[in-house]
Structure formats: structure tokens, C-alpha cells
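Here is a quick walk through a few local features of this fold, with the rings up front and the sheet after that. Have a look at the structure first.

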Amino acid sequence: MWYETIQLDPNFPGWGESKVVNLTLEKTSTLKEFLSQLYVLMMVFDNDRHYWISRNDIDVLIRRGEHWLETHPEKDWITKRYLKNLHTLTSQALLRLASEDELAAMQTSPEVKVSLHQERLAKAIQLLKASGAESILDIGCGEGKLLKLLVREGQFRRIAGMDVSFRSLQNAKENLNLDEASPAMKERVRSFRVLLRTRMNA
């Protein structure tokens with residue numbers, strides 16, 4: 001990658017250089033990977049984005065950054081810029097992009113605060129893996145935080161989430177990107193809504 005600066009007007013050198021530069025990028029890759037990286041970098045370098053940034057943008061970044069962002073040397077900077085330096089969203093995105101070694105470092109480093117809920121999820125994954133189980137049913141799965149961690153583990157061949165809240169299941173489905181998942185992934189991950197009936201005594 002290299003760039004060259006441009007004068008505002010060659011006839012008036014005193015005006016200085018333009019904020020616009022000629023940027024050249026070179027990389028050997030598939031067209032799909034190239035377009036995904038280009039999409040992310042366009043958002044990263046755009047300082048004039050005015051639309052609302054939400055958790056959905058994290059899902060887009062994870063999807064567009066698949067197979068390259070998690071190992072990119074500027075992962076933190078790209079993630080922060082893409083999410084417009086919003087601390088909460090950036091932290092969530094970096095947690096999802098973290099490798100197993102990075103997750104372990106987060107749990108042991110005194111500088112990084114890991115919530116009690118995250119510790120519980122990590123412990124649950126550890127115990128489930130140790131049990132040798134291949135089929136998991138998460139009762140009361142909510143928005144699918146545990147399901148997202150389960151999907152990363154190839155040991156679990158069948159994963160199901162169950163909840164009474166239709167909205168929570170919809171959020172879990174979006175967080176797992178099931179609409180865009182392969183048929184094999186959709187077969188592997190299922191979600192169910194439990195309907196509760198109450199009896200009132202007169």
C-alpha cells in the first residue's frame with residue numbers, strides 16, 4: 001500500500017496540499033475477499049457517516065471480516081474506526097473476533113475486566129466440552145450469547161435454543177446470522193419457542 005499527496009492547485013503551491021490523496025492498494029486474493037475488505041475499509045476511512053451505529057453493525061463487520069479481520073495486524077484500529085469509536089460496541093466486536101489465546105489473556109490480565117456473565121459462559125463451554133456432549137439444548141437461551149460460543153466448537157454437532165420470548169429468539173437468529181447460513185449450519189442450529197399456559201382458579 002502506498003499513497004501520494006495532491007496539491008490543491010498546481011498553479012498556487014502556497015495553498016498547500018489537499019486532504020485527498022491517491023491511494024494504491026495491492027493484494028492477491030479472491031474477488032469475494034477483496035470486495036469484503038474494500039467494503040470494510042470504505043467504512044473505516046469515511047469520516048462523514050451520519051447514520052445510527054448499532055449492534056447490527058457488529059454482525060456486518062464480523063461477516064465481512066470473516067477469514068481475514070481476526071488475524072489482521074490492525075484489527076483493533078479497524079474495528080474502532082468501523083464502529084465510530086463507540087466503546088461498548090467496539091468491546092463486543094473485539095470479544096467476538098478474539099482468538100482462544102486472546103480470550104485466555106483477557107480472563108487472566110488484571111487490566112481487562114471480564115464480566116461475571118462472560119465468566120459463566122466460558123465456564124459452561126469448558127464443562128460442556130469436558131463432558132464429551134455432542135448435542136446441546138440451551139433452555140432460556142435469550143439472545144443466543146451461549147449459542148454463539150457453542151457454534152464455534154466443532155464438537156457440538158446439534159445445537160438448539162429454547163425461549164418463551166419470540167423477540168429474543170429473533171435476536172438470537174440475527175446474532176447467529178442464520179438467515180444467511182449454509183443449509184448444514186441451519187440443520188446444526190435450531191431455535192424453538194415455548195408457549196406457557198397458566199390456569200387461573202376462580
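Let's start with a tryptophan: Trp-77 is partly exposed, at a relative accessible area of 41%. This is a predicted model, so keep that in mind throughout. Its ring partner is Phe-45, also in the partly exposed class with 46%. The centres of the Phe-45 and Trp-77 rings are 6.1 Å apart and the planes stand at 55°, so this pair counts as tilted. Phe-45 belongs to helix H1 (residues 31–45) and Trp-77 to helix H3 (residues 75–82), so the pair ties together parts that lie 32 residues apart in sequence.

How many aromatic pairs does the structure hold? There are two. The other one joins Phe-12 and Trp-15, and it is stacked, with 4.7 Å from centre to centre and 10° between the planes. Trp-15 is exposed, since its relative accessible area comes to 53% and the exposed class begins over 50%. Phe-12, at 42%, is partly exposed.

Here are the four ring residues side by side:

| Residue | Relative accessible area | Class |
|---|---|---|
| Phe-12 | 42% | partly exposed |
| Trp-15 | 53% | exposed |
| Phe-45 | 46% | partly exposed |
| Trp-77 | 41% | partly exposed |

Back to H1, which also meets helix H2 (residues 55–64): their axes come within 9 Å and cross at roughly 145°. On the H1 side the contact is made by Ser-36, Tyr-39 and Val-40, and on the H2 side by Val-60, Leu-61 and Arg-64. Sorted by type, these residues are four nonpolar, one polar and one charged. Two of the names turn up again in a cation-and-ring arrangement: the charged end of Arg-64 sits over the ring of Tyr-39, 4.4 Å from the ring centre.

Now for the sheet. Three strands make an open sheet with parallel pairing, in the order S3-S4-S5. Which strands stand at the edges? They are S3 (135–139) and S5 (189–193); each has a single partner strand, so one side of each is left without a neighbour in the sheet. From one strand to the next, the twist averages 15°.

Strand S4 (residues 158–163) pairs with S5 in the parallel sense over five bridges, and Gly-161 stands opposite Ser-191 of S5. Lying across S4 and S5 is helix H8 (residues 166–175), which runs at about 165° to S5.

Conventions
Residues numbered from 1 in each chain as written. Predicted model: local features only at pLDDT ≥ 70, side-chain atom pairs only at ≥ 80, totals over all residues. Heavy atoms only, no water. Pairing = 2+ DSSP bridges. Helix = DSSP H or I, 4+ residues; strand = E, 2+ residues; numbered from the N terminus. Axes fitted to C-alpha atoms, helices over the stretch in contact; angles between N-to-C directions. Contact = heavy atoms within 4.5 Å. Phe/Tyr/Trp six-rings, centres within 6.5 Å; stacked < 30°, edge-to-face > 60°. Buried < 20%, exposed > 50% of the residue type's maximum accessible area, 1.4 Å probe, protein only. Lys NZ or Arg CZ within 6 Å of the ring centre and 35° of its normal. Nonpolar A, V, L, I, M, F, W, Y, C, P; charged D, E, K, R; others polar.
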